[in-house]
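Trainee: Please take a close look at one part of this model, the interfaces made by one chain with its neighbours. I would like the contacts, the pairs and the cut-offs behind them.

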Protein chains: 4
Amino acid sequence: MSTDTFPIPMIDSPGQPTPSGALAELYQCLEAEYLIPLWTQIADLMPLRPHTKARPHLWKWQRLIRLAEQAGELVPVDRGGERRAIALANPSLGGRPYASPTLWAAIQYLMPGEDAPEHRHSQHAFRFVVEGEGVWTIVGRDPVPMGRGDFLPQAGWNWHAHHNAAAKPMAWIDGLDIPFQYDTESQFFEFGRDAVTDAERTTPERSRSERLWGHTGLNPVGVKSGDGSPLLAYRWANTNAALRDQLELEREGFPGVIEHGHAAVRYINPATGGDVLPTMRAEMHRIASGSETAPVREVGSSVFQVFDGTARVTVGDSSWLVERGDIFVVPSWTAWSVSSSAGPDDSDSGSLDLFRFSDAPIFEALRLYRSERS
Amino acid sequence: MSTDTFPIPMIDSPGQPTPSGALAELYQCLEAEYLIPLWTQIADLMPLRPHTKARPHLWKWQRLIRLAEQAGELVPVDRGGERRAIALANPSLGGRPYASPTLWAAIQYLMPGEDAPEHRHSQHAFRFVVEGEGVWTIVGRDPVPMGRGDFLPQAGWNWHAHHNAAAKPMAWIDGLDIPFQYDTESQFFEFGRDAVTDAERTTPERSRSERLWGHTGLNPVGVKSGDGSPLLAYRWANTNAALRDQLELEREGFPGVIEHGHAAVRYINPATGGDVLPTMRAEMHRIASGSETAPVREVGSSVFQVFDGTARVTVGDSSWLVERGDIFVVPSWTAWSVSSSAGPDDSDSGSLDLFRFSDAPIFEALRLYRSERS
Amino acid sequence: MSTDTFPIPMIDSPGQPTPSGALAELYQCLEAEYLIPLWTQIADLMPLRPHTKARPHLWKWQRLIRLAEQAGELVPVDRGGERRAIALANPSLGGRPYASPTLWAAIQYLMPGEDAPEHRHSQHAFRFVVEGEGVWTIVGRDPVPMGRGDFLPQAGWNWHAHHNAAAKPMAWIDGLDIPFQYDTESQFFEFGRDAVTDAERTTPERSRSERLWGHTGLNPVGVKSGDGSPLLAYRWANTNAALRDQLELEREGFPGVIEHGHAAVRYINPATGGDVLPTMRAEMHRIASGSETAPVREVGSSVFQVFDGTARVTVGDSSWLVERGDIFVVPSWTAWSVSSSAGPDDSDSGSLDLFRFSDAPIFEALRLYRSERS
Amino acid sequence: MSTDTFPIPMIDSPGQPTPSGALAELYQCLEAEYLIPLWTQIADLMPLRPHTKARPHLWKWQRLIRLAEQAGELVPVDRGGERRAIALANPSLGGRPYASPTLWAAIQYLMPGEDAPEHRHSQHAFRFVVEGEGVWTIVGRDPVPMGRGDFLPQAGWNWHAHHNAAAKPMAWIDGLDIPFQYDTESQFFEFGRDAVTDAERTTPERSRSERLWGHTGLNPVGVKSGDGSPLLAYRWANTNAALRDQLELEREGFPGVIEHGHAAVRYINPATGGDVLPTMRAEMHRIASGSETAPVREVGSSVFQVFDGTARVTVGDSSWLVERGDIFVVPSWTAWSVSSSAGPDDSDSGSLDLFRFSDAPIFEALRLYRSERS
């Protein structure tokens with residue numbers, strides 16, 4: 001925490017006063033008093049549209065998983081370090097472990113038999129599993145199994161630990177609003193029990209949360225819910241069926257998809273019908289083989305992970321061929337689109353499944369959200 | 001926008017793996033792939049409670065106003081620079097023109113006869129006048145006079161210009177959510193007309209906005225309101241009367257004040273009963289002479305300006321004697337309290353009037369708000 | 001409470017089965033089991049649009065006030081009878097004391113020095129004063145003076161009594177949702193103290209409620225509000241100024257009025273920006289002299305009282321000349337319009353001031369509201 | 001619509017003025033002017049707690065179904081009569097076809113191959129099936145199959161028709177807010193097509209609505225929803241599983257049930273997390289064999305239908321043995337409880353399944369809801 005004075009950064013922009021000795025002297029006085037003129041900064045501070053510091057970037061899953069395996073050998077999971085998680089750091093964000101200015105995305109890795117110790121934090125979080133199984137996340141002492149395609153939200157301030165009950169390591173993706181809470185300085189953290197109990201290591205097929213909140217269109221009368229979704233697991237079988245239904249409805253001539261060949265579902269809090277977490281939106285998209293999505297740009301940033309399939313993805317000026325597990329980031333007000341290569345037939349085979357999370361609920365709540373479709 | 005790789009910053013914290021060559025090699029590989037381990041960062045990223053980068057700081061009004069006068073001589077108000085506004089830059093925020101990580105506070109200054117050109121932006125804004133008069137802010141072509149003690153909100157995306165119709169210069173305070181929208185990359189800006197019309201330079205006693213929305217408990221049936229308050233001026237006479245009433249009610253034994261000797265009103269949007277702007281809260285506090293407030297800390301930051309009176313203010317480890325016009329910032333989760341020196345008698349004389357604005361609506365909307373009173 | 005069987009009422013409508021002995025026998029069996037066929041009732045039960053049982057009706061103020069005076073001589077105000085209030089009973093509602101199917105309107109009358117004993121009830125209520133002064137309504141022990149043009153809401157379950165501190169009798173209008181709560185069977189009632197204290201008989205110029213909540217755009221930070229408006233009096237001076245401002249804005253060429261020559265303000269709860277009471281909307285309308293309003297019909301019913309001026313009012317097939325104090329009812333989906341006779345000049349003189357209350361919040365909350373303007 | 005004057009009904013209550021000739025004359029004058037004194041009515045109008053006009057009543061399913069069969073023989077389903085529905089008429093509501101003052105409940109019956117013609121209305125509605133299958137309700141041209149245990153909401157103003165595709169007749173229960181909309185005069189109705197198309201007579205296993213909205217915790221991104229639930233069928237298999245899960249959780253020592261042995265789920269609108277219809281709440285309760293529920297009373301009325309099992313039900317002063325299909329009504333502020341006879345073992349066998357709908361959303365929206373558990 002330095003409090004030395006700093007020079008006023010001079011941004012080259014119109015509307016500046018004529019340089020003079022008196023002006024230079026004034027600027028020095030301002031600096032000495034921790035004051036900065038708006039007219040020298042406005043082009044940077046108040047651009048015509050969001051001018052993102054982040055850049056589009058792609059991380060290849062094969063590379064991520066190999067590095068996570070190595071960390072599995074070298075790095076224990078202990079109190080203090082808390083989690084064997086490796087964050088995706090946007091190359092343009094100055095070495096901060098941020099996928100985007102507001103979003104954290106990491107690969108987490110747990111060895112057979114390992115526990116990650118219990119803690120809780122104000123940061124809202126979720127896990128998403130692109131492959132593997134065998135880990136239980138234990139939320140409020142409720143063991144929740146994790147498997148391929150499952151989405152597991154974790155609203156702020158819930159106690160949670162993880163336990164790998166399988167004979168194999170398992171990796172998954174964590175998404176949190178760490179950068180947002182860090183920059184707005186709103187975060188709290190508390191350590192819990194160092195070990196989970198044997199009872200919590202049991203491996204029930206369904207969590208208690210799913211037994212209470214996981215029945216379509218039915219909420220329990222006897223139980224209240226807090227902030228964020230009380231449903232702790234959204235299973236792939238449902239998500240897959242929902243996407244398949246949308247594309248079938250389109251083929252039958254009925255509404256459902258976002259645009260031609262592009263189905264999407266949003267994970268929602270069954271107690272509110274709104275976003276699954278107060279600061280993060282999560283969705284699964286399916287782009288039918290041979291379909292192309294219209295470029296869209298939105299206020300706020302998103303992180304995508306390819307769940308299945310291959311496609312060409314364009315984000316701003318970048319374009320990549322992506323495949324299972326690959327993760328890319330779409331900065332604010334940057335257009336993204338997907339072109340799914342044509343499969344052998346009209347079926348879902350060859351389609352691209354794309355998991356997405358974003359910070360849209362922040363901007364919607366504060367009346368700052370905008371979007372534009374080309 | 002640099003995309004060179006960067007070293008993983010090593011924070012001294014417990015739970016780190018045993019150093020080894022293999023670990024160093026892993027860290028190098030991670031760096032090369034724009035990946036950063038959580039366990040090396042968690043102590044910084046996820047502190048037990050908000051660990052603010054900002055620091056408490058006081059800016060003296062007499063110094064601010066003198067520097068603004070000098071800027072009035074040297075710096076024209078032109079398209080491009082837009083406004084003769086000088087921002088308070090928190091000494092610990094690395095030279096950014098931010099009073100706190102989310103809030104912008106600046107002194108703006110307009111010479112006799114000067115206009116500030118029309119523009120609009122997504123940033124929510126307000127003006128508050130600690131002394132002087134004669135400037136009209138022209139919002140959506142509605143000229144709104146500004147005078148001592150007036151609070152003038154300016155919800156995002158409304159066209160606005162300013163015009164000094166008086167024979168003397170005038171200064172006031174601008175508050176905006178520029179840092180928040182900058183860091184979350186949600187900002188838009190548009191230039192408007194370069195000059196205001198003569199009709200807009202008329203100086204009606206009351207704005208059209210006040211004629212429509214400024215009648216206690218009465219909203220117009222024929223007019224809709226957008227985001228943010230449709231009432232463009234909150235006059236000092238009302239604010240003063242409301243504070244006086246609260247302290248009198250306390251003396252009569254009735255509820256009203258926050259705590260003994262401490263009255264406060266919040267500026268509200270008459271169309272919602274909620275905060276006057278989607279991202280900012282504004283309040284006026286009066287601490288009776290001889291009263292002391294209990295230290296309070298809250299998630300999020302505040303900027304205060306002394307409107308009248310003198311007092312000792314304590315913010316975290318800092319403590320200052322403050323007087324009219326002085327501005328200080330309270331960072332997130334930092335306790336603040338005020339001790340008003342006893343006046344000659346039991347009357348309001350000797351009390352401290354304190355204008356305050358904060359980012360609380362952001363955290364309330366996102367379920368991240370907490371506060372604690374000692 | 002009778003439980004004898006009853007005949008099925010036979011409504012003449014299409015789609016009836018061919019009469020036969022078997023059918024008659026079936027109908028008898030149904031009657032015996034407390035069963036009624038939809039097909040015999042649907043034309044009545046489910047009309048194409050609201051088919052009101054109420055009718056437009058006008059009560060003349062001069063007649064009302066004379067009868068209230070006689071009641072003042074003959075009827076004491078006592079526990080049990082509670083209030084010297086005389087209800088307007090719509091001529092088509094079968095002798096029920098209902099102005100409309102949902103709304104109660106009554107003239108209440110208090111002699112010099114009289115008290116009306118304290119009670120509270122779930123029914124939401126308000127008072128409106130067309131002439132006179134001198135009565136204090138004492139709400140939660142807060143004495144609130146009542147004068148010409150004042151609107152005084154009284155949300156359900158607040159203790160209240162009245163006291164006439166003047167040397168003259170005083171009359172005013174009570175509006176409640178008694179019929180709605182009666183028919184939906186949701187009402188509660190509790191007796192309070194038989195007498196108000198001397199302290200409550202003091203006659204402060206302003207109620208404590210107004211001192212806390214009556215400052216434009218400012219809510220107290222230290223006080224919470226319950227259901228319904230915490231502001232207990234809306235003064236005529238404000239209402240008058242708001243209406244005058246709207247008509248002046250129209251003359252200057254700016255928006256504000258509902259339609260040409262027709263200003264209107266809605267009384268709102270300053271804590272929500274919404275309707276002043278959960279089940280009732282209240283508004284004041286001013287129709288400039290020489291102006292005519294477009295016929296409007298809405299789901300739900302309204303009661304109007306002429307506050308000042310004279311005009312021709314048309315409600316459905318009825319049309320009346322109305323003057324100060326006259327009260328009329330507009331049933332559901334019945335068009336109403338007002339034609340104000342031209343005054344001597346362009347000023348507000350000759351305009352009609354019309355107080356209105358309705359049940360619109362019920363239908364808006366339940367997504368049943370519709371309206372239509374000719 | 002009569003407008004003869006009517007006598008003031010004299011209710012025997014305290015607080016009445018001393019009878020006299022002058023008083024009698026005053027009362028005659030009031031009658032002549034359509035005026036009714038509050039003091040003569042208050043004991044009826046404003047009781048200490050809801051004083052229901054309805055009474056508890058039980059209709060036996062075996063009797064209902066037999067009468068519906070007879071209607072099937074004698075009464076065609078035609079435009080004008082619209083539906084072969086027979087309403088349960090509370091014995092104390094004066095021959096009105098109302099189960100309670102706000103709720104309509106009817107048995108509807110459709111012969112093999114029959115269609116009920118298309119219409120729409122502002123009245124919110126649902127269907128619940130206690131036995132049978134084979135009818136498709138066609139909502140907005142979307143054919144929705146109906147089977148035992150299914151709940152099918154029908155928000156106001158959606159086009160709908162029915163078609164019996166089976167070789168057998170089918171009966172079900174309709175619930176609507178007809179009395180509420182009738183008494184508040186807010187209802188609209190429109191005739192649709194006289195016949196459904198062959199395409200709509202197809203019998204897909206799942207409706208399009210279920211394919212879009214019936215996936216747990218997932219809402220379609222590409223489709224908006226209006227008032228009331230967009231999910232048109234809530235299937236018994238889900239409801240059954242949800243209730244079984246709650247009771248199993250209780251046996252395992254975890255929260256979930258309302259009270260010992262008493263599970264309950266509420267049907268919710270997946271777009272809001274709130275009640276399935278703006279004016280009606282629907283729930284399914286399961287009382288484990290040998291369990292007894294605590295008496296509860298609530299503002300507003302409910303209608304229950306036994307879906308399975310037998311039990312003793314107590315409603316106010318009435319008590320009945322009930323079995324599958326039996327329907328009973330619980331008036332406002334009347335306590336109800338269920339005692340399920342002990343089954344042979346600890347299993348779900350012997351439990352009572354109880355479908356319920358009520359008008360609670362009306363009172364919650366208007367801040368009039370209260371409840372009390374003994």
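Mentor: What follows goes through the two interfaces of chain B, first with chain A and then with chain C.

This is a predicted model, in which local features need pLDDT of at least 70 and side-chain atom pairs count only at pLDDT 80 or more, while totals for chains, interfaces and linings use all residues. Residues are numbered from 1 along each chain as its sequence is written, chains are lettered from A and ligands numbered from 1 in the order in which they are written, and side-chain values use heavy atoms, with hydrogens and water left out.

Between chain A and chain B, 99 residues of chain A and 99 residues of chain B take part in the contact (heavy atoms within 4.5 Å). The buried area, meaning the accessible area (1.4 Å probe) that two parts lose on being put together, summed over both, is about 8500 Å², and carbon and sulfur atoms give 69% of that. There are 6 salt bridges between these chains (a side-chain nitrogen of Lys or Arg within 4 Å of a carboxyl oxygen of Asp or Glu). One of them links A:R63 to B:E33, with the closest N and O atoms 2.5 Å apart.

Strands also pair across this interface (DSSP finds at least two bridges between them; strands are DSSP runs of E, at least two residues, numbered from the N terminus). Strand β3 (residues 85-88) of chain A runs antiparallel to strand β1 (residues 35-37) of chain B, over 3 bridges. Within that pairing, A:I86 has B:P37 as its bridge partner.

Over all chains, the count of aromatic pairs is 74 (ring centres of Phe, Tyr and Trp, the last by its six-membered ring, within 6.5 Å; planes under 30 degrees apart are stacked, over 60 edge-to-face, the rest tilted). Among them, A:F188 and B:W333 are edge-to-face, at 4.9 Å centre to centre and 85 degrees between the planes. A:F188 sits in the loop between α4 (178-184) and β12 (189-191) of chain A and B:W333 in the loop between β20 (327-330) and β21 (336-340) of chain B, so this pair joins two chains.

Turning to chain C, 41 of its residues contact 41 residues of chain B. Here the buried area is about 3300 Å², with 60% from carbon and sulfur atoms. The salt bridges between chain C and chain B number 6, including B:E252 with C:R211, whose closest N and O atoms are 2.7 Å apart. Strand β13 (residues 218-220) of chain B is joined to β14(C) by 3 bridges, antiparallel. B:N219 stands opposite C:R266 there.

Key. Helix = DSSP H or I, 4+ residues; strand = E, 2+ residues; numbered from the N terminus.
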